[in-house]
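Grab a pencil and work through these short exercises with the model open beside you. Each task comes with a solution you can check as you go.

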Amino acid sequence: MHKILVAVDLSTHSLKTVEYVGKIVVGSKEFKIELFSVIKEVSRQLISKEEARRAESIFEERPEIAGRYWRRKDEDEVLKFFHQCIKALAELEVDRGLIKASFVPWKGDIATAILEEAKRRGFGTVALGRRGLSVVEEFFIGSVSKKVVKEAQDLTVWVVG
Ligand SMILES: Nc1ncnc2c1ncn2[C@@H]1O[C@H](COP(=O)(O)OP(=O)(O)OP(=O)(O)O)[C@@H](O)[C@H]1O
Ligand SMILES: [Mg+2]
C-alpha cells in the first residue's frame, strides 16, 4: 500500500494537484491519499474562550498538536477546502474509503511541517503544487515546494503543475 500525502494550501494549484493525484490512483487499491494542510498556530491569548475550548477538545485524540491553538475561521476554511477536494475526487470516482484529510496548526516553516508529518506517519510520497496561494509570480517554484524537494529524505516528491 502506497500512502500519498497531498499538501494543500487552499489554492487552485492545490485543487489541480489533488485532481492529478486522483487521476493517477483511481481504480487502484494500492494507494491511499491524505489531504494535509498546515494552518497558522496562534497564541491562546489571541483567540476567544470558545475557540480555545474547541481546540482543547481535540487534544486528546491528536496528542501531537496538544497545547497548540488556531483560529476557528482558519479551520473552517481548510475543512471547506477539503470538502471541495473530496468532491473533485468523488467525481473522478476515487474510492472515498481511500481518502483522509487532516490539518496541523504550526508556527514555523511550512515545508518542515509537511516533511515531519510524512516522516512521523510513514508516507512514501508527498505531492505538492508547483505554486500555491502567493500571487507573486517571479519565481518558477514556490518556496514550500522548493524546500520540500530539497530536504526530502527517503521520500518521493511529486511537484504538480
Ligand atoms: N500551508 C500549507 N499547507 C500545506 N501545503 C502547502 C501550504 N503552503 C503551500 N503548500 C504546498 O506547496 C505548494 C506550493 O506552494 P508555495 O507556498 O511553495 O508557493 P507560492 O504560495 O506560490 O509561493 P510562496 O508561498 O513561496 O510565496 C502548494 O501548491 C501546496 O501543495
Ligand atoms: Mg505559499
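**Exercise 1: the ligand shell**

Sort the residues in the shell around ligand 1 by class: how many are nonpolar, polar and charged?

*Solution.* Keep in mind that this is a predicted model. Going class by class, the shell around ligand 1 holds eight nonpolar, eleven polar and two charged residues. Together, 21 residues surround the ligand, and the closest are Gly129, Gly132, Ser134, Gly142 and Ser143. Next, look at where the shell comes from: α1, β2, β4 and α5 are the elements that give two or more residues to it.

**Exercise 2: the sheet**

Work out the strand order, then say which strands stand at the edges.

*Solution.* Start with the order: the five strands line up as β3-β2-β1-β4-β5 in an open sheet, paired in parallel. Now check the ends. β3 (99-106) and β5 (156-160) each have a single partner strand, so one side of each lacks a neighbour in the sheet. On average, neighbouring strands are turned by 25° against each other, ignoring direction.

Zoom in on one pair: β4 (residues 125-129) runs parallel to β5 and is joined to it by five bridges. Within that pair, Thr125 sits opposite Thr156 of β5.

**Exercise 3: helices on the sheet**

Find which strands helix α1 touches, and do likewise for α5 across the sheet.

*Solution.* Take α1 (residues 12-25) to begin with: this helix packs on the sheet and touches β1 (2-7), β2 (31-40), β4 and β5. The direction of α1 makes about 140° with that of β4. Then turn to α5 (residues 143-151), which lies across β4 and β5 and runs at about 155° to β4.

Terms used. Residues numbered from 1 in each chain as written. Chains lettered and ligands numbered in written order. Predicted model: local features only at pLDDT ≥ 70, side-chain atom pairs only at ≥ 80, totals over all residues. Pairing = 2+ DSSP bridges. Helix = DSSP H or I, 4+ residues; strand = E, 2+ residues; numbered from the N terminus. Axes fitted to C-alpha atoms, helices over the stretch in contact; angles between N-to-C directions. Contact = placed C-beta atoms within 7 Å. Near = placed C-beta within 6 Å. Nonpolar A, V, L, I, M, F, W, Y, C, P; charged D, E, K, R; others polar.
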